[in-house]
Amino acid sequence: MRAFFSRLQPSYISRDDLVMSLRITLWNEFLHEQHDPAVKAIYPNGIHDTLAEAIRQQIPTAHIHTATLDQPDHGLPDDLLDQTDVLAWWGHKAHNQVRDDIVEKIHARILNGMGALFLHSAHFAKPFKKLMGTSCRIHWREAAEPERLFIVHPAHPIADGLPTHIDISHEEMYGEFFDIPTPDELIMLSWFQGGNVFRSCCTWTRGKGKIVYFRPGHETHPTYHKPEIQRIICNALRWAAPTSNSPYTSRATHEPQPLSPFPH
Ligand code: ZN
């Protein structure tokens, strides 16, 4: 097995251990940045590179790997996925180019404990839609309007260190109805100047995996350079990390012998 990260998975990992050496894979479609000069000006080496640098600053012990659509296997070979604690995903215009067999592998890894953070237009990414089981459709408007992001679950670890609300001067509008299953936890709610609201930070679990959706991050705005947004992303990566090797298995188990003897 190739060593993408310096540490192999031990048999038991405490939460603190993971926070100390979180293995993060940042996946980016990486098309807008190469083809649109306005986006390249904001993210010269790609959104994934900007996020990687921000995470290095805020979680210096993290091991960070980046992967993009155009790489073999979209940069996500089995042994990398096997060594990833949390996968972050940004995609927009090439969702349909993501290979179904790789989506299946990602889905299986999440059920078995890998955390996942879906960013902005990844609400329509194949792995997210498969996890949700709904259309994941939204209302949207590209008007570069102000967004106010309210923390509505201040006790949640993803809200740690944040103010009561965060103002983003220019963003794309995403509005309700957002066709997702009711989230296990709603952490943030967005208001837009045009009058729409949106559930902007939500969590779910599937199998043993923890899943976060976080809305801001349209490619033509410098949202991922904003320290509060970077803080949220780092908090979400920490929260989504696997915390234990619980006895969950995604395989069906034939159990012919009863756990307790049947009375005769
Ligand atoms: Zn967008």
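In strand β2, the residue that serves as bridge partner of I24 is I64, and from this one pair the rest of the protein can be explored. The model is a predicted one, in which local features need pLDDT of at least 70 and side-chain atom pairs count only at pLDDT 80 or more, while totals for chains, interfaces and linings use all residues. Residues are numbered from 1 along each chain as its sequence is written.

I24 belongs to β1, which is joined to β2 by six bridges, the two strands running parallel; strands are said to pair if DSSP finds at least two bridges between them. On β1 there is also a parallel connection to β3, made by five bridges, and here W27 has W89 as its bridge partner. Six of the six residues of β1 are buried, a term that applies if 20 or more other C-beta atoms, placed from the backbone, lie within 10 Å of a residue's own. In a regular strand the side chains alternate between the two faces of the sheet. Both faces of β1 are covered, with R23, T25 and W27 buried on one side and I24, L26 and N28 buried on the other.

Stepping back, the protein has eight helices and nine strands, which are DSSP runs numbered from the N terminus, with H or I over at least four residues for helices and E over at least two for strands. The nine strands form an open sheet of mixed pairing, in the order β2-β1-β3-β4-β9-β8-β7-β5-β6. Because β2 (63-68) and β6 (165-175) stand at the edges with a single partner strand each, one side of each is left without a neighbour in the sheet. Further along the order, β4 (residues 115-119) and β9 (residues 209-214) pair in the parallel sense over four bridges, and L119 stands opposite F214 in β9.

Helix α4 (residues 47-58) lies across β1, β2 and β3, running at about 175 degrees to β2, where angles run from 0 to 180 degrees between N-to-C directions and axes are lines fitted to C-alpha atoms, for helices over the stretch in contact. Contact here means that the C-beta atoms of two residues, placed from the backbone, lie within 7 Å. The buried residues of α4 are I47, H48, T50, L51, A52 and I55, and what covers them includes β1, α2 (32-35), β2, β3 and α8 (227-240).

Of the 264 residues of the protein, 39% count as buried.

Methods
Buried ≥ 20, exposed ≤ 12 C-beta atoms within 10 Å, placed from the backbone.
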